[in-house]
Amino acid sequence: MPLVSGDRAEGVLTVRLSGTPTLEQRELLDAFAAQLALFVKKERALEESRSAQISQQSQKLQKALFDSVSHELKTPLAAMSVALQSPKLSGQADRAELQQAVQRLTRTVDHLLDATRLESGLLQPVLEWCEPAELVREAIASSGLNDSAIRINIDNGLPAISVDARLIQQALNALLSNAAAHGGSDKPIEVSARRDGAMFIISVADRGPGLAPGEENKVFEKFYRGPRTRPGGIGLGLSIARQLVEAHGGQMVAQNREGGGARFSIRLPIGEPMRLPSEATA
């Protein structure tokens with residue numbers, strides 16, 4: 001017997017009888033099922049209310065945590081940046097070392113905050129139409145790598161894609177930094193962009209030692225650092241990059257290359273083609 005309350009079925013009541021139920025028994029079962037449905041509906045509403053309250057408290061706690069981390073860690077970073085401008089530093093080497101420390105600590109803080117925002121759902125993509133070639137070239141320009149260290153191959157005629165350009169560029173920068181740190185080769189990093197059916201694919205490939213067996217998925221785990229990883233970093237870059245891509249409904253995969261090295265690929269759905277306002281209202 002269905003436990004119906006309003007227009008929603010809350011469950012099913014199963015009764016085993018020795019024979020065909022009489023009219024009185026049927027009416028009694030109907031009344032019992034109706035009361036049971038109301039009880040189940042009330043319990044469900046109370047559980048949803050408790051879950052909503054817990055979620056609201058969790059969001060408040062997360063915001064307080066973000067504010068605390070930003071204040072306690074980024075404020076000293078600002079002071080260090082100001083100190084770089086002081087003429088009291090003994091020389092250019094001291095300035096360069098301090099600047100490198102500031103950049104490294106800033107990157108660590110940003111990675112921790114991004115990881116927490118992604119897991120809590122507070123970081124959501126703001127989609128806009130982007131030209132793939134421009135998206136890739138801007139990410140490369142902001143990576144800080146020399147032009148001679150990168151070889152670019154972008155197919156012609158790629159369609160515009162609807163993504164959060166800042167987040168995708170951040171994911172691509174993580175792949176470029178990983179290739180530069182672990183490539184271990186004097187050969188340039190190869191960056192390509194192409195279309196494969198309904199997917200737009202950006203690949204970053206190097207000629208380093210490649211991935212150890214089983215590392216194809218492990219490299220995307222939080223805080224994972226392989227046995228051949230150089231000192232520095234906390235193992236969040238690739239994990240965050242993959243989550244940024246997945247937030248767009250895409251995928252990030254890693255694989256070894258023939259002839260040595262590794263290839264990391266971002267796969268994004270192209271979706272519906274961009275329409276001009278006149279076409280959308282036609």
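**Exercise 1. Find the bridge partner of Asp196 in S7, and then describe how the two strands concerned are joined.**

Step 1. The partner of Asp196 in S7 is Met199; strands here are DSSP runs of E with at least two residues, helices are runs of H or I with at least four, and both are numbered from the N terminus.

Step 2. Strand S6 (residues 189–196) and strand S7 (residues 199–205) run antiparallel and are joined by seven bridges, where two strands count as paired if DSSP finds at least two bridges between them.

Step 3. Before going further, note that this is a predicted model, in which local features need pLDDT of at least 70 and side-chain atom pairs count only at pLDDT 80 or more, whereas totals for chains, interfaces and linings use all residues. Residues are numbered from 1 along each chain as its sequence is written, and side-chain values use heavy atoms, with hydrogens and water left out.

**Exercise 2. Place S6 and S7 in their sheet, and state which strands stand at the edges.**

Step 1. The sheet is open, has five strands in the order S4-S6-S7-S9-S8, and shows mixed pairing.

Step 2. Strand S4 (150–154) and strand S8 (251–256) each have a single partner strand, so one side of each has no neighbour in the sheet.

Step 3. On average, neighbouring strands of this sheet are turned by 15 degrees against each other, direction ignored; axes are lines fitted to C-alpha atoms, for helices over the stretch in contact, and angles between N-to-C directions run from 0 to 180 degrees.

**Exercise 3. Describe helix H4 (residues 165–182): how it packs on the sheet, what caps its N-terminal end, and whether its span agrees with expectation or departs from it.**

Step 1. H4 touches S4, S6, S7, S8 and strand S9 (262–269), and its direction makes about 170 degrees with that of S9; contact means heavy atoms within 4.5 Å.

Step 2. The expected span is 1.5 Å times one less than the number of residues, which for the 18 residues of H4 gives 26 Å, and the end C-alpha atoms are 26 Å apart, in agreement.

Step 3. Asp164 caps the N-terminal end, with a side-chain oxygen 3.2 Å from the backbone nitrogen of Arg166.

Step 4. Among the buried residues of H4 are Leu167, Ile168 and Leu172, where buried means under 20% relative accessible area, exposed over 50%, and partly exposed in between (1.4 Å probe, protein chains only).

**Exercise 4. Is His248 buried or exposed, and which backbone atom does its side chain reach?**

Step 1. His248 lies in the loop between H6 and S8, and it is buried, with a relative accessible area of 13%.

Step 2. Its side chain reaches the backbone nitrogen of Asp164 at 3.1 Å.

Step 3. Leaving aside neighbours within four places in sequence, the contacts of His248 include Pro125, Leu167, Ile168 and Leu268.

**Exercise 5. Classify the pair of Phe220 and Phe264, and locate both residues.**

Step 1. Rings of Phe, Tyr and Trp (its six-membered ring) pair if their centres lie within 6.5 Å, and planes under 30 degrees apart count as stacked, over 60 as edge-to-face and the rest as tilted. By this rule there is one aromatic pair.

Step 2. Phe220 and Phe264 are 6.0 Å apart centre to centre, with 80 degrees between the planes, and the pair is edge-to-face.

Step 3. Phe220 lies in the loop between helix H5 (215–218) and H6, and Phe264 in strand S9, so the pair ties together parts 44 residues apart in sequence.

Step 4. Phe220 is buried, with a relative accessible area of 6%, and Phe264 is buried at 4%.

Key:
Polar contact = N/O pair within 3.5 Å; in protein donor to acceptor, adjacent residues only side chain to side chain.
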